[in-house]
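User: I am new to this structure. Please take a close look at the paired strands, and then place that part beside the enclosed spaces and ring contacts found elsewhere in the chain.

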Amino acid sequence: MPLELFGRAKELEIVRELLFKARTGQGSALVISGDPGIGKTALVTAALETEDESIVLRCTGSRAESLLAYSGIHQFLWPSLDRLDALEEVQAQAVRSALGQATGRPDRFLVGAGVLSLISTIAKEQPVVLIVEDAHLLDADSLDCLSFVARRLEWEPAVLLFTSTNPLSPCICELPALELQALAEDSADELLLSARSELTDDQREILLGVAEGNPLGLLTLIPSQDLDPHQFTMGTRLQQSFAAQLEPLGERTQEQLLVVAAQEGAKVGEIMRVLTALGQPSWALDPAFELGIIESRNACIYFRQKLVQQLVYEQGPLEEKRLIHRAWAEIWSTDYDLDRRAWQLAAATLGQDDEIAALLDATGERARQRGGFHSAARALLTASRLSSKKEDVGGFLARAARYEWDAGYRSTASRLLQEAEAFIGSKSSLFSGGLAGLMEFADGESLRAAALFERDAQLDPQGTMGQILSVLAVRAQWSAALTDPSTSHQGSSEAGSVSGQAEGSEHPTVESRSDEVLRAWRTGSPLPEVNHNSSCAMLPTSSSWMLPPAPYAAAWGQTESTAERYRQAIVQERQYGNTVELAFVLCQMATTNILTGRWAEAAACASEASEIADIAHLESVSAQSHNSLAWLAALRGDAVTTRKLTETSLNIAARAGSIALAAAAHWHRGTALLITGQPHAALEALSRIRSISATETSSVFAALAAPDAAEAALLSRQYEEAEVQIELLRQWVLRSDAAWAQAAYLRYVAMHSDDAGSEQLFREALELFSGSEISFEQARTELLFAEWLRKKRRRLESRPYFSHAREVFTSLGVDPMIERAESGLELASNISRPKQQKTFDELTVQELRVARLAASGYTNRDIGTQLFISPRTVGHHLSSVFSKLGLSSRAELSDLQLTD
């Protein structure tokens, strides 16, 4: 066992077990954390001694490179960049754009999927071990990308190992972790006896006390009676020890070490150019190599210990460091190195410098164009500290806040926006694209969000931001049930309490635009084209916000007309890497897919939105995605899951004051109870929608839930309530002329009247579904009609309706309705039930998505590109699908009705 690993047998076994599993095709990730010098790198090195057959890819975090977007990914991939051509073009293009080798702003998910696919391609030849050393110093965009990859390695012959000091970065803190503790005293003593046998017993005793079980301390500290374990931290004691080791080095060597410390990871040729510029053309770093202070990896120079780099840099004379930073900046004049040049110039600057601030602004824009939102924010934050103008400081901070928000880091965005407002007040919205309202809308109070949107819209009344934020204000008011003419003044009152609202403006207010917006949403027509001649300094806010809320569009019969617009918006947000906007649109698409019978796609959209919401802390998105998943569970008769999911939605709705979220949750609870044969309880749950508030918002959800409420009332023989619900449907038909409302009204009038005219009403209702994609509602109507026919002793006529309804319910996996249809068909046919058909309930959401695409003729590679997974993972999912459904080939899969 290597000397450095005394007392690490258990930890070594854990890492080697992961490496062994990778060789058998079971991938994983592990974060190895602990104090500096605790032995993280030594543990990984020892574990790799048995990995002769694996390909090892490495990247090392450094303070200098942590400022550059995707610099860590570039380190990882540079030996394999020639393999990018083997990827799907869209993934290859995304990775190239992230690395600055192609134009275009890539979607962060596509970058992650491209890196994953590249790893999968390499792993076809040999298992892959990916090592991220000093992950806490890696650029945040690379760390986010690798976190994405780490969560998707399960079926790849690859293992991803991070080493990091505590505290861990938020994006990797939820990965499996192994925290290295101090060595036990007996292990520490063994290490000293083996590695420093020249020490006396007294010296060894001193080191055991002051090193506190830290292996690096045991190996490097100089034993002395003056060492006090309570006087300094271990890091300080180690630095004192390293300082003593540096003293014998010549002055020229120490000066050149400072050059390396100012840009760790630089190539030897680059270092020589800087030394020449500083008047030191001769190489003097060999003694540092001989002492093991620095080392060469892939023709780049690194310090073996970060503590030594920190020590060398901190002890360097200030003016000498400034000269070195200027020299580094001087050698980087190509387009590729403009960003490094800007950062080195910033490091050489003591006071304010607007020219360098402008260079960092340009650096931030380049990072944003490559999808590196974290790096863009960091560049702007530094620019704000160099700027001499109050307006520029606030603008830089506000834009940095927006980039952190776009990257999914809400708390950092909120802090930066507050700092910006301290400089320029509400004008920060001109630079952040109305971020204050967006953050409040995402996980705050809908009413306050509406007020902030209205305030900020007045800052840019005729421009892009003003137009979009005025629509968002209406959206937030609708969520809070404040879009009725009788209540719209409440929104204005609340808005007036938000500081910075424009007074006496001649431009239209949100209140005056509300009718225009709602009218466009009701008719399915797009709002007027956005005017891009904006005074907003930020890039235009996404136009996806202009689209109507899916429940509102559905209630007015515009589901199918808005579906394509949602799809286009998803493509757009992926293309531009707008994570937050993507999550909101995915929620709308999930609702639309449920209504149009595309339940697998709905589950996929809701699950992806939920994942983004968890990462970015978007409460509103979390509630919407939970509601969509609850609705799917309700339609399939899973009342327990429905209640659990809606519990989350209702809690968020209460905090946000969102009537829309609460009404949707109660609707889905009622649906679950109705589907599972509990009409009394269903009616009670559905009645809560009307009790929430008497507004446009609640009336929309009351109308959408009226079919369930009418059926529940009829089945529980509460005929007066049934008449109330049927009348509500009639009024909504007059108001909206929506086909779904007409069909529901006709079928429940038919059920309630139960006379000679009922048959015609049922047939008229079914006719309304002709050419429609709303298969569930059509099957539901067919089932009710079949049951009516059987009750009238017209069994033969009822059979086709029972049969088709069963077929649809089976394809959707609605077990209670399948049971009901089969029972009716059995009674109508006087025959035993057929053998239960295979349903798709056993499949996970991802398995069903893979199966549907495979059934449509897509290859594993095509499927992987669409779903952001590797072809190998696709193959695993297909094997699981075949096993669960009892299939043996893709041909059999294509014969199943997997298309929604």
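Analyst:
## The paired strands

Leucine 160 in β4 is the residue that alanine 29 stands opposite. The model is a predicted one, and this pair is a starting point for reading the strands.

Alanine 29 belongs to β1, where it shares one side with Val31 and Ser33. Strand β1 covers residues 28–33 and pairs with β4 in the parallel sense, over six bridges. Another contact between these two strands is that of serine 28, whose bridge partner in β4 is valine 159.

β4 has a second neighbour. Strand β3, residues 128–133, runs parallel to β4 and is joined to it by five bridges. Here valine 132 stands opposite phenylalanine 162 of β4. β4 therefore pairs with β1 and also with β3.

β1 has a further partner as well: three bridges join it to strand β5 (residues 177–179), and the two run parallel. In that pairing, valine 31 has alanine 177 of β5 as its bridge partner.

How much of β4 is covered? Strand β4 spans residues 158–164, and seven of the seven residues are buried, so the rest of the structure largely encloses the strand. In a regular strand, side chains alternate between the two faces of the sheet. In β4, Ala158, Leu160, Phe162 and Ser164 point one way, while Val159, Leu161 and Thr163 point the other, and both sets are buried.

β1 is mostly covered too, with six of its six residues buried. Ser28, Leu30 and Ile32 lie on one side and Ala29, Val31 and Ser33 on the other; both faces are covered.

Past β1, the loop leading to α2 (40–47) contains proline 36. Is this proline buried or partly exposed? Its relative accessibility is 35%, and because buried means under 20% and exposed means over 50%, proline 36 counts as partly exposed. Proline 36 and asparagine 166 are separated by 130 residues in sequence, but their C-alpha atoms are 9.2 Å apart in space.

The enclosed spaces come next. There are five cavities of 30 Å³ or more. The largest holds about 440 Å³ of space. Its lining is made up of 31 residues, and those closest to the centre of the cavity are Trp478, Pro551, Gln624, Ala660 and Leu661. Several helices supply at least two lining residues each, among them α22 (435–443), α24 (464–479), α27 (550–555) and α33 (659–675). By class, 18 of the lining residues are nonpolar, 11 are polar and two are charged.

One of those contributors, α22, is itself mostly covered, with eight of its nine residues buried. The buried residues of α22 include Leu435, Gly437, Glu440 and Phe441.

The second largest cavity holds about 70 Å³. Among the residues that line it are Leu683, Ile689, Arg690, Ala705 and Glu721. Helices α34 (679–692), α35 and α36 (719–736) each give at least two residues to this lining, and α34 has the largest share, with five. Seven of the lining residues are nonpolar, two are polar and two are charged.

The ring contacts complete the picture. The model contains 17 aromatic pairs. In one of them, tryptophan 328 and tryptophan 332 have ring centres 5.1 Å apart and planes at 25°; the pair is stacked because planes under 30 degrees apart count as such. Both of these tryptophans are buried.

Elsewhere, ring pairs link Trp478, Trp521, Tyr552, Trp556, Phe701 and Trp732 into a cluster. Trp478 is also one of the residues closest to the centre of the largest cavity. Another member of the cluster, tryptophan 556, has the charged end of arginine 522 over its ring, 5.2 Å from the ring centre. A further contact of this kind involves arginine 152, whose charged end sits over the ring of phenylalanine 148 at 3.7 Å from the centre.

Note on methods. Residues are numbered from 1 along each chain as its sequence is written. This is a predicted model: local features need pLDDT of at least 70, side-chain atom pairs count only at pLDDT 80 or more; totals for chains, interfaces and linings use all residues. Side-chain values use heavy atoms; hydrogens and water are left out. On a 1 Å grid over the protein atoms alone, a cavity is a set of points where a 1.4 Å probe fits but cannot get out, and a pocket is an open set with protein on both sides within 12 Å along at least five of seven lines; lining residues have an atom within 4 Å of a point. Grid points are joined across faces, edges and corners, and a volume is the space filled by probe spheres set on the points. Helices (H or I, at least four residues) and strands (E, at least two) are DSSP runs, numbered from the N terminus. Ala, Val, Leu, Ile, Met, Phe, Trp, Tyr, Cys and Pro count as nonpolar, Asp, Glu, Lys and Arg as charged, and the others, Gly among them, as polar. Rings of Phe, Tyr and Trp (its six-membered ring) pair if their centres lie within 6.5 Å; planes under 30 degrees apart count as stacked, over 60 as edge-to-face and the rest as tilted. Buried means under 20% relative accessible area, exposed over 50%, partly exposed in between (1.4 Å probe, protein chains only). A charge sits over a ring if NZ of Lys or CZ of Arg is within 6 Å of the ring centre and within 35 degrees of the ring normal.
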